[in-house]
Amino acid sequence: MSGPIKLGIIGCGIAARDLHYPALQKLKDKFEITVVCNHTEPKARDFAELVGNIPYVLDYHELLQRDDVEAVDIILPIDLNFQATKDALEAGKHVMLEKPIAANLDEADEMLAFPEKYPLVMMVAENFRYRPTFRRVKDLLSAKVIGEVYSVFWNVFYHVDRSNKYAMTEWRINHKYPGGFITDGGVHNIAALRFLFGDFEGGHAFVKSINREIGEQDTFSLQFRTKSGVDGVFSDFFSANGYSENRMIIFASEGSIIVSDNSISILRQGKKTQLETVDDDGGYYDEFVDFYHAVRNGQRVIATFQESHRDLEIIIQALEAAERKVRVRF
């Protein structure tokens, strides 16, 4: 089959409107949104109007039975990911699924068998694996621009309260998955760290709850070592008061790299700082392009279920070890 993929969107919330749809607008030669679904009618109707006055339904099972849907973009509360993905694959639809892959490791483990069970394309929309900024950093590291990497520190400090659009989402506050914002957001960072430095070996973590209004846990730090010997610390705070930061610092034998949003600074002793600014939409455009080529051309996707399972596994195992105050071995 050729031409644009006929796409059904399941879930019409923040991620659909603010993250996925802007990318799809730029890819009209590759995707045609044919129907959308949300369990509440006002949200379904408004999103259907936004994307071109197309049909909408309130039950995704109805969407899955339509002949004008080849593939689905599942953008639901995390605890619904497993069943919605299984239903879509059984209906013969290719699947793009918002991260994390599942609400717990039992469901994620079962989803590892889906690629062999169903002859369809399935991927997790882990946009950090597609972000141009991290791809550029990967190229710099592969070229040994700063020598051999030995350590990385990534601080993600935000202040989130009930005025935040994500914190106003009930399923995020009363979450049915471990870790709350730590898991929901942290899988992004784990994916990027693994993309840049390889798989994790072990480490120590701590977890705290500072503001119960935004979920069970909101403060997390993981000291880790990768299998390639890179030591690092990833800190993810969602209740930081008076200070915010999202900065990765990479230390290597001949220099350092600082990554802040889409800015990359290359620092070497006695040399002028080299600054690069990357055109970075968050990776959403490239992840849809990857999905398109997998469906139309049979290419293997980058953000596989296996990779996303590992991202979730690391977060959950670290959270469990932090609660027990023991070292974690991944």
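These are my notebook entries on helix contacts, a cavity, a pocket and one lysine in a predicted model.

**Entry 1: α9 against α11**

I started with helix α9, residues 181-197, and helix α11, residues 305-324. Their axes come within 9 Å. I looked up the angle next: the two cross at roughly 120 degrees. Angles of 65 to 115 degrees would count as roughly perpendicular, so α9 is oblique to α11. The crossing of α9 past α11 is right-handed.

Which residues make the contact? From α9 I listed Ile182, Thr183, Gly186, Val187, Ile190, Ala191 and Arg194. From α11 I listed Glu307, Arg310, Asp311, Leu312, Ile314, Ile315 and Leu319. I then sorted this α9 and α11 contact by class: eight residues are nonpolar, two are polar and four are charged.

**Entry 2: α7 against α9**

I stayed with α9 and turned to helix α7, residues 132-142. The axes of α7 and α9 are 9 Å apart, and the packing angle is about 25 degrees. Angles under 35 degrees count as roughly parallel, and therefore α7 and α9 are roughly parallel to each other. α7 passes α9 in a right-handed crossing.

On the α7 side I noted Phe134, Arg135, Val137, Lys138 and Leu141. They meet Ala192, Phe195, Leu196 and Phe197 of α9. What classes does this contact hold? I found seven nonpolar residues, two charged ones and no polar ones.

**Entry 3: the cavity**

Next I looked for empty space inside. How many cavities of 30 Å³ or more does the structure hold? It holds one. The largest cavity has about 30 Å³ of space. Its lining is Lys99, Pro100, Ile101, Glu126, Val187, Ser308 and Asp311. I recognised Val187 and Asp311 from the contact of α9 with α11. By class, the cavity lining has three nonpolar, one polar and three charged residues.

**Entry 4: the second largest pocket**

I gave this pocket a separate entry. The second largest pocket has a volume of about 180 Å³. Among its lining residues are Pro115, Leu120, Val121 and Met122. Further along the chain, the lining includes Ala294, Gly298, Gln299, Arg300, Val301, Thr304, Phe305 and Gln306. I sorted the pocket lining too: seven residues are nonpolar, four are polar and one is charged.

**Entry 5: Lys86**

Last, I picked out one residue. Where is Lys86 found? Lys86 is in helix α4, residues 81-90. I left aside neighbours within four places in sequence, and Lys86 is then in contact with Glu110, Phe114 and Tyr118. Lys86 and Tyr118 are 32 residues apart along the chain. Their C-alpha atoms are separated by 9.5 Å.

Notes
Residues numbered from 1 in each chain as written. Predicted model: local features only at pLDDT ≥ 70, side-chain atom pairs only at ≥ 80, totals over all residues. Heavy atoms only, no water. Axes fitted to C-alpha atoms, helices over the stretch in contact; angles between N-to-C directions. Helix = DSSP H or I, 4+ residues; strand = E, 2+ residues; numbered from the N terminus. Parallel < 35°, antiparallel > 145°, perpendicular 65-115°, else oblique. Left-handed = near helix turned anticlockwise from the far one by under 90°. Contact = heavy atoms within 4.5 Å. Nonpolar A, V, L, I, M, F, W, Y, C, P; charged D, E, K, R; others polar. 1 Å grid on protein atoms, 1.4 Å probe; cavity = no way out; pocket = protein on both sides within 12 Å on 5 of 7 lines; lining within 4 Å. Points joined across faces, edges and corners; volume = space filled by probe spheres on them.
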